[in-house]
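Biologist: Let's go through this model together. I will ask how each label is earned.

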Amino acid sequence: MKNTFREMIEEHDDLMTYLFRRGFLLTNAAVDLNSFPFYGHWKARKVGRYLACVQELQSFTAYEKDDRAFFLFGHAYNPFTMEISEEKILKRIAEAYGTPSYQDCIDEITGVFVYGVTYGDTVE
């Protein structure tokens, strides 16, 4: 019998793809996507000074404007404007950033997602 979860999963490599299914990670640390717990089933993309990592079945969208990077993990939809393109949704949010309508743009979207914006070493 294996002592740890890691030992067990490495013995059954057919289960590796199921770890953190639809998972996501935003980090400023170095990440080895070929080792535990990712095992090559994740992809990564730079977002500002951060690295956005998502499981291969997870959706990720980013839009950069000026010194800010706006991002969505998952899927979003705006039922008021009927917009289904996450990139267009992020562009609209980015254009509104810093204005009174910024929060309204965020409040209008629905779906299963995590939204954020990075600038410098800050994540909102």
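Modeller: Start with a cut-off: exposed means over 50% relative accessible area, and buried means under 20%. Keep in mind that this is a predicted model.

Biologist: Why is Y18 called exposed?

Modeller: Y18 has a relative accessible area of 53%. The cut-off for exposed is over 50%. Therefore Y18 counts as exposed.

Biologist: Where does Y18 sit?

Modeller: Y18 lies in the loop between helix 1 (5–11) and strand 1 (24–27). Its C-alpha atom is 34 Å from that of A94, and the two residues are 76 apart along the chain.

Biologist: What makes C53 buried?

Modeller: The relative accessible area of C53 is 0%. Buried needs a value under 20%, so C53 qualifies.

Biologist: And why is C105 called buried?

Modeller: C105 has a relative accessible area of 6%. That is also under 20%, so C105 is buried.

Biologist: How many disulfides does the structure hold?

Modeller: Zero. A disulfide would need a pair of cysteine sulfur atoms within 2.5 Å.

Biologist: How do you know that strand 1 and strand 3 pair?

Modeller: Pairing takes at least two bridges. Strand 1 and strand 3 (residues 50–55) have four bridges, so they pair, in the antiparallel sense. In this pairing, L26 stands opposite A52 of strand 3.

Biologist: What is the order of the strands in the open sheet?

Modeller: The three strands run 1-3-2, with antiparallel pairing. Strand 1 and strand 2 (42–47) are the edge strands, as each pairs on one side only. From one strand to the next, the twist averages 20°.

Methods:
Residues are numbered from 1 along each chain as its sequence is written. This is a predicted model: local features need pLDDT of at least 70, side-chain atom pairs count only at pLDDT 80 or more; totals for chains, interfaces and linings use all residues. Side-chain values use heavy atoms; hydrogens and water are left out. Buried means under 20% relative accessible area, exposed over 50%, partly exposed in between (1.4 Å probe, protein chains only). Helices (H or I, at least four residues) and strands (E, at least two) are DSSP runs, numbered from the N terminus. Axes are lines fitted to C-alpha atoms, for helices over the stretch in contact, and angles run from 0 to 180 degrees between N-to-C directions.
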